[in-house]
Amino acid sequence: MEKKNQPQIKHEINRREFLKVLGTGSAVTTAALYGCKTGNTVSAEGGMIGEVPAGQMTYRVNPHTGDKVSLLGFGCMRWPLRKNADGREEVDQEAVNQLVDYAIEHGVNYFDTAPVYVQGWSETATGIALKRHPREKFFIATKASNHRQGTRSLQEGIEMYRKSMRELQVDYIDYYLLHSVGSSVPDFNARFIDNGLLEFLKEERKAGRIRNLGWSFHGIQEVFDHVLNMDIQWDFCQIQLNYQDWRHADPRRNVNAEYLYAELSKKNVPAVIMEPLLGGRLSRVPQQALTLMKRVHPEQSAASWAFRYAGTPENILTVLSGMVYMEHLQENLRTYSPLVPITEQENSLLEQVTQILVNADYIQCTECQYCMPCPYGLNIPAVFSHYNRCVSAGRLLKSSRDENYRQARREFLIGYDRSVPKLRQADRCIGCDVCRPRCPQRINIPQEMRRVDLYAEQLKQQSDF
Amino acid sequence: MLKKIRVVIAGLFFLLITLLFLDFTGSVHVWFGWIAKIQLIPAVLAVNAVILAALVLATLLFGRIYCSVICPLGVFQDLVSRISSRRKGKKNRFSYSPAKSLLRYGILGLFIVSLVAGLSTVVSLLDPYAAYGRMAANFLAPLYRWGNNLLALLAEQIDSYAFYSTEVLVKGWLTFGIALVTLIVTVILAWKHGRSYCNTICPVGTFLGFLSRFSLFRIVIDVNKCTQCKACERGCKSSCIEAHSFSVDHSRCVACFNCIGKCKFGALKYTGARAVKKAAGEAEPPGLSRRNLLSLLGLLAVSATVKAQQLQVDGGLAAIEDKKVPDRKTPIMPPGCESAQHMKQHCTACQLCVSACPNHILVPSRKFSVFMQPEISYERGYCRPECVECSQVCPAGAIRPITPADKSAISIGQAIWIPDNCVVNRDGLPCDSCQRHCPTGAITLIERDPDHPKLKIPVVDKELCIGCGACENLCPARPFSAIYVEGNVRHHSI
């Protein structure tokens with residue numbers, strides 16, 4: 001009982017706090033939002049959206065080290081890939097360099113990677129791209145991903161840390177994280193306490209090779225509370241925050257961002273934000289929700305609302321976005337150069353949007369790829385992504401008697417084959433559960449696969465439902 | 001005028017029947033499936049008396065218009081011949097040649113014997129419709145699908161769902177080879193000698209030619225108008241006009257009406273036989289008489305009856321071999337065809353079902369006795385519950401029309417589990433794929449051993465299994481599935 005009540009009390013306090021933060025900017029908002037159009041007389045589209053502003057990025061100051069961190073952080077978990085001459089996949093290094101150069105030019109200075117990202121290639125690619133810039137121009141964040149290792153020995157933990165430095169071609173790491181903490185306290189202890197890895201990392205911080213020590217959180221509140229209240233000064237903490245997760249995080253999988261943020265603020269631990277778009281779902285909101293947003297700001301995308309929301313609270317150091325396309329980078333740069341905080345009215349509109357979202361049939365996948373590779377060849381995120389896109393487009397049929405049945409059926413089935421090869425679709429899932437422990441969103445992947453497969457089967461067989 | 005009508009109708013038939021082999025959406029069959037069903041050999045195999053009678057009657061009335069209009073191989077040869085005659089100096093490249101009766105009737109005899117004896121390979125090799133079908137399915141269908149896939153790619157670019165991509169596969173290399181040989185032979189013959197294939201090899205041509213001797217309407221040369229210029233003879237792709245004797249071999253004339261236009265003096269007419277007799281004073285054609293004709297028709301009827309009887313007497317439930325190796329002892333036949341025996345007797349191996357199957361499970365057989373006839377293999381898909389495409393398209397009655405409801409109760413095979421291949425045993429992981437996808441609930445999972453309550457193995461209820469192959473196709477074990485389907489010699493309902 002007590003535990004259940006707790007968040008509610010805090011929720012009241014935090015709501016007030018959040019609104020206080022919001023209160024500042026409502027007057028400036030409109031002017032700033034239209035700012036990029038000022039003086040523009042060109043009617044062509046390129047002219048309409050204007051130049052990407054340089055030198056106007058919003059920065060936040062890390063209270064521990066005084067780092068001036070750009071509010072837009074570059075998530076390096078989705079680097080663009082290409083096929084090499086042998087037909088095998090590899091990182092498209094030129095594209096990475098181009099993105100990194102452009103980001104740095106426009107004020108981004110925080111780059112977040114991990115040894116396990118992009119099939120293990122992320123650190124190398126990020127290192128190559130960043131090596132071409134002066135070391136003091138950027139902060140690098142990487143992680144102790146020992147949850148994906150066979151053993152959890154100190155030796156392997158240290159080796160991973162050293163390897164990160166080598167791959168990134170740096171002799172110190174600005175932000176080092178204990179990766180994906182949250183499944184259980186014993187698991188946390190096994191990974192970092194019992195083997196002495198945390199002690200080692202604290203020594204490294206003392207020696208200056210780790211400038212900030214923190215952890216990324218996915219999981220249950222008990223573990224969050226335990227780790228936050230340990231006898232150690234955490235320099236930062238990475239949490240999942242967006243307007244849906246603020247108060248509507250799935251209790252089986254995650255903790256409301258409102259609670260996490262408040263706890264961190266109390267301890268003066270700055271927050272690094274991940275999943276500001278919920279794996280892209282907040283950029284592809286259902287039509288009904290988009291209409292609400294467009295009525296207020298016709299020229300603003302759903303994604304920019306989400307970024308403004310995630311960047312508004314003051315204790316947030318940076319908001320990570322895994323940008324694969326230049327257009328995404330440019331749009332995010334515009335949103336944060338400078339940040340126009342979410343106003344109270346806008347916030348209440350986003351609450352309406354959230355209501356639409358949580359009542360939709362989304363599978364809570366953020367396409368982080370942690371579950372991959374599936375030993376039986378499924379493309380799990382692609383299957384979920386296709387399903388979610390149909391939810392976003394309002395094309396998920398409730399019944400076979402729906403008015404748009406024929407068209408929605410065709411779109412789902414053809415689109416399914418287009419986005420996922422037949423042998424990698426949901427019907428191939430054997431329910432072996434290998435993927436389940438890997439999902440940071442705690443999705444019951446086999447069960448959701450069945451849901452998608454059942455839906456696809458109903459459409460293929462044209463059966464009544 | 002007659003020629004123009006012939007060309008237009010033949011072009012339409014040819015286009016539509018080709019489309020039957022190209023279409024993979026199932027929509028063309030709904031409207032034009034009958035074009036395959038009025039083909040002669042399929043109608044014989046389907047024991048379709050109405051169509052047979054209609055074709056015989058049409059030939060007795062108008063001559064071999066079947067060969068000119070309905071038969072796709074005939075029209076295809078006309079096309080080749082026409083291109084050949086576009087060459088310089090080759091416009092009128094034909095000349096009369098005597099009929100090769102021994103060869104013609106020899107092949108027809110062989111064909112009828114094969115038909116009665118059930119030597120289906122010979123039947124399907126000689127059937128002109130099937131020969132064309134194999135060419136269309138093997139050469140044109142891939143091009144058509146590539147074209148479609150290109151459109152699908154473009155459609156995807158603009159977020160349109162008007163086209164979707166499909167697999168381009170060669171279903172069987174042997175059949176592909178046969179089709180290639182057929183293509184080469186027919187193209188060479190048509191290029192050089194017009195309709196010589198139809199008048200020497202094709203058993204349908206010989207049979208209809210035999211009838212068309214007695215046809216009511218036919219081409220006649222008016223002796224009074226003819227100047228013996230030989231324009232008609234040199235323009236006759238059937239090489240059946242002998243100008244100096246004013247005679248036309250009506251058994252070889254395919255009623256193309258080309259000669260009528262060639263004659264500058266209006267000496268050729270397509271007219272009633274009585275008029276012919278009056279005009280030319282011609283006696284009844286030598287050789288085979290009307291009596292012979294009737295006996296030949298009788299033979300055909302007998303052969304059809306023999307087949308019908310065999311169908312009924314053939315019986316006995318299949319013994320299902322329980323083998324670990326996944327090569328099948330009994331081929332799997334599509335639902336609606338009742339048994340492998342039935343397939344063997346009725347199929348003309350035209351590949352229409354093979355190209356129509358959206359799940360890519362029908363492939364031409366490589367076994368000699370049922371060469372190129374379809375059988376099922378579950379590597380690329382399985383027999384999906386909503387699909388009865390093959391049964392709808394089959395023109396020869398080898399696969400009888402069924403509904404999805406019928407199909408859900410027709411057992412075409414039995415699933416057999418191979419413990420050594422199963423991922424539960426091999427990888428030590430739980431798997432419920434076969435159980436979950438079984439449309440009839442024939443598979444249940446039981447605990448493998450008490451120490452591992454999560455590891456469950458499948459058991460198949462043979463009373464419920466319909467052999468659709470969902471378990472085999474979706475089984476994660478590779479390269480050999482841990483559960484595979486063994487065909488039923490005779491289909492039965494569950």
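Two strands pair if DSSP finds at least two bridges between them. Keep that in mind as you open this one, which is a predicted model.

**Stop 1: a strand pair in chain A**

Select β7 (139-144) of chain A along with β8, residues 173-181 of chain A. Four bridges join β7(A) to β8(A), and the two run parallel. To see one of those matches, show Ala141(A): its bridge partner in β8(A) is Tyr175(A).

**Stop 2: across to β9**

Stay on β8(A) and add its other neighbour, β9 (residues 210-217) of chain A; this pair is parallel too, with six bridges. Which residue of β9(A) stands opposite Ile173(A)? Click on Ile210(A) and you have it. Further along, look at Leu177(A), which faces Gly214(A) in β9(A).

Now colour β8(A) by burial. The strand is mostly covered, with nine of its nine residues buried.

**Stop 3: the whole barrel**

Zoom out and select β3, β6, β7, β8, β9, β10, β11 and β12 of chain A, in that order: these eight strands close into a barrel with parallel pairing. Going from one strand to the next, the twist averages 30°.

Next, bring in helix α8, residues 197-206 of chain A. Which strands does α8(A) lie across? Turn the view and you'll find β7, β8 and β9 of chain A under it. Against β9(A), the helix runs at about 145°.

**Stop 4: two helices in chain A**

Hide the barrel and pick α12 (residues 287-296) and α15 (residues 344-358) of chain A, whose axes come within 9 Å and cross at roughly 165°. Because of that angle, α12(A) counts as roughly antiparallel to α15(A). The crossing of this pair is left-handed.

Show side chains where they meet. From α12(A), display Gln288(A), Ala289(A), Leu292(A), Met293(A) and Val296(A); from α15(A), display Glu346(A), Leu349(A), Gln352(A), Val353(A), Ile356(A) and Leu357(A). Sorted by class, the residues in this contact are eight nonpolar, two polar and one charged.

**Stop 5: over to chain B**

Switch to chain B, which has 24 helices and ten strands. Of its 494 residues, 45% count as buried. Take the chain B contacts between residues at least 6 apart in sequence: 73% of them join residues at least 24 apart.

For a helix pair here, select α5 (residues 49-62) and α13 (residues 203-212) of chain B, with axes that come within 8 Å and cross at roughly 50°. That angle is why α5(B) is oblique to α13(B). Is the crossing of α5(B) and α13(B) left-handed or right-handed? Look down through the two helices: α5(B) passes α13(B) in a right-handed crossing.

Side chains again: Val56(B), Thr59(B) and Leu60(B) in α5(B) meet Leu208(B), Leu211(B) and Ser212(B) in α13(B). The classes in this contact are four nonpolar, two polar and no charged residues.

**Last stop: where the chains touch**

Bring both chains back. The contact takes 16 residues from chain A and 14 residues from chain B. On the chain A side, which elements give two or more residues? Select α17 (405-419) and α18 (445-461) of chain A. Of the elements on this side, α17(A) gives the most, with five residues. Colour the chain A side by class and you'll get five nonpolar, three polar and eight charged residues.

How values were computed: Residues are numbered from 1 along each chain as its sequence is written. Chains are lettered from A and ligands numbered from 1 in the order in which they are written. This is a predicted model: local features need pLDDT of at least 70, side-chain atom pairs count only at pLDDT 80 or more; totals for chains, interfaces and linings use all residues. Two residues are in contact if their C-beta atoms, placed from the backbone, lie within 7 Å. Ala, Val, Leu, Ile, Met, Phe, Trp, Tyr, Cys and Pro count as nonpolar, Asp, Glu, Lys and Arg as charged, and the others, Gly among them, as polar. Axes are lines fitted to C-alpha atoms, for helices over the stretch in contact, and angles run from 0 to 180 degrees between N-to-C directions. Angles under 35 degrees count as roughly parallel, over 145 as roughly antiparallel, 65 to 115 as roughly perpendicular and the rest as oblique. A crossing is left-handed if the near helix is turned anticlockwise from the far one by less than a right angle, and right-handed if clockwise. A residue is buried if 20 or more other C-beta atoms lie within 10 Å of its own, exposed if 12 or fewer, and partly exposed in between; C-beta atoms are placed from the backbone.
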